[in-house]
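These notes are meant for a colleague who is opening this structure for the first time. They are best read with the structure in view, one point at a time.

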Amino acid sequence: MYRYEAHLHTAESSRCARVPAAEQVRVYHALGYDGVCVTDHLHNGFLNSLPRQDDWEFCMNEWLRGYRAAKAEGDALGMDVILGAELRFPENDSDYLVYGINETWLMQHPYLCRLDHKTFFERFGEEVLIIHAHPYRFTDEVFWDSVHGMEVANCSPGWDSRNELAFAFYREHPSYYPAVGSDAHCSGDQGRSAMLFPVRISDSFAWKDAIRSRNYRLWCPSFEEIVKESEAILHV
């Protein structure tokens, strides 16, 4: 099985991250991973930090700095580096991992992070894969009608993500896709979980298709029981 990180941030593009993109890739390469998904934060806070927030192309080029640096390092090391995004809408503090995108798609959909969760799902739910990141970390109000799946185990050591609540929901709603993520921001966060696939994943569209096929496994030692039960439900 090929091992991938599903949830990773870079210092170039996520204001809360501390590890540069190339270093993140080198760490995961040393840990034996075959690839990583770069899911930098995209929300009003990021846009408001830029000097030309009314220029979407400029905003995107700034936001893509982390992914592009990671991709260059991954290409040099023979690792797959996949573009994702962690969106937050103005309405609340919920975060959504989005896959099935590329740079062109992002450039063609300006200011999508200024929508609300329902509008985003209605417009793009058929095109992309939306995984609720750490759904109960900040709130009890979760919009399950606007996602395709959830992190049943978010492994960031700095937060209580209340994974047991996400797993309890998944156990009652097995049509959703379970995921795990290290949510790596800082040194020491890396390699705490993995998504395992029988084939290598070349890009974000292949990632979306692989998840939708349900032909994958989860690995997360810190939440082993949640992962085992989630896998059993996934593969019924």
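1. Two strands are taken as paired here if DSSP finds at least two bridges between them. With that in mind, and remembering that the model is a predicted one, the pairing of β7 with β8 can be followed: the two strands, covering residues 129–133 and residues 149–154, run parallel and are joined by two bridges. Within this pair, His132 stands opposite Met150 of β8.

2. The wider setting is an open sheet of six strands, in which the order is β3-β5-β6-β7-β8-β9 and the pairing is mixed. Its edges are formed by β3, at 41–42, and by β9, at 177–181, each of which pairs on one side only.

3. Strand β6 deserves a careful look inside this sheet. Its neighbour β5 runs antiparallel to β6, with three bridges between the two, and in this pairing Glu86 stands opposite Leu97 of β6. The pairing of β6 with β7 is also antiparallel and extends over five bridges, with Ala133 of β7 serving as the bridge partner of Asp95.

4. Why is strand β6 described as largely enclosed by the rest of the structure? The reason is that five of the five residues in this strand, which covers residues 95–99, are buried. In a regular strand, side chains alternate between the two faces of the sheet. In β6 both faces are covered, since Asp95, Leu97 and Tyr99 on one side are buried, as are Tyr96 and Val98 on the other.

5. Ile130 offers a view of the same region from strand β7, where this residue lies. Its relative accessibility is 2%, and Ile130 therefore counts as buried. Although Ile130 and Tyr99 are 31 residues apart in sequence, their C-alpha atoms are 6.7 Å apart in space. When neighbours within four places in sequence are left aside, the residues in contact with Ile130 include Tyr96 and Leu97, along with Phe120, Phe121, Val147 and Gly149.

6. His7, which belongs to strand β1 (residues 2–8), has a relative accessibility of 0% and so counts as buried. Its side chain makes a polar contact of 2.9 Å with the side chain of Asp183. Not counting residues up to four places away in sequence, His7 touches a set of residues that includes Cys37, Glu86, Leu97, Ala133, His134, Glu151 and Asp183.

7. Two of the residues touched by His7, namely His134 and Asp183, call for a check of their backbone angles. Most residues other than glycine have a negative phi. His134, however, has a positive phi of about 30° although it is not a glycine, and Asp183 likewise has a positive phi, of about 55°, without being a glycine. His134 is found in the loop between β7 and β8, while Asp183 is placed in the loop between β9 and β10 (194–197). With relative accessible areas of 4% for His134 and 1% for Asp183, each of these loop residues is buried.

8. Helix α3 covers residues 56–63, and its buried residues are Trp56, Phe58, Cys59, Met60 and Trp63. These buried residues pack against β3, α2 (44–48), α4 (65–77), β4 (80–83), β5 (85–87) and α5 (103–108). The N-terminal end of α3 is capped by Asp55, which has a side-chain oxygen 3.2 Å from the backbone nitrogen of Glu57.

9. Is His43, in the loop between β3 and α2, buried or exposed? The cut-off matters here, because buried means under 20% relative accessible area, and His43, at 19% relative accessibility, counts as buried. Leaving aside neighbours within four places in sequence, His43 is in contact with Arg88 and Cys113.

10. A last point concerns empty space in the model. The largest pocket holds about 210 Å³ of space. Its lining consists of 19 residues, and those that lie nearest the centre of the pocket are Cys16, His41, Arg137, Trp159 and His185. Sorted by class, the lining has eight polar, six charged and five nonpolar residues.

Key:
Residues are numbered from 1 along each chain as its sequence is written. This is a predicted model: local features need pLDDT of at least 70, side-chain atom pairs count only at pLDDT 80 or more; totals for chains, interfaces and linings use all residues. Side-chain values use heavy atoms; hydrogens and water are left out. Helices (H or I, at least four residues) and strands (E, at least two) are DSSP runs, numbered from the N terminus. On a 1 Å grid over the protein atoms alone, a cavity is a set of points where a 1.4 Å probe fits but cannot get out, and a pocket is an open set with protein on both sides within 12 Å along at least five of seven lines; lining residues have an atom within 4 Å of a point. Grid points are joined across faces, edges and corners, and a volume is the space filled by probe spheres set on the points. Ala, Val, Leu, Ile, Met, Phe, Trp, Tyr, Cys and Pro count as nonpolar, Asp, Glu, Lys and Arg as charged, and the others, Gly among them, as polar. Buried means under 20% relative accessible area, exposed over 50%, partly exposed in between (1.4 Å probe, protein chains only). A polar contact is a pair of N or O atoms within 3.5 Å; within protein, one must be able to donate a hydrogen and the other to accept it, and residues adjacent in sequence count only if both atoms are side-chain atoms. Contact means heavy atoms within 4.5 Å.
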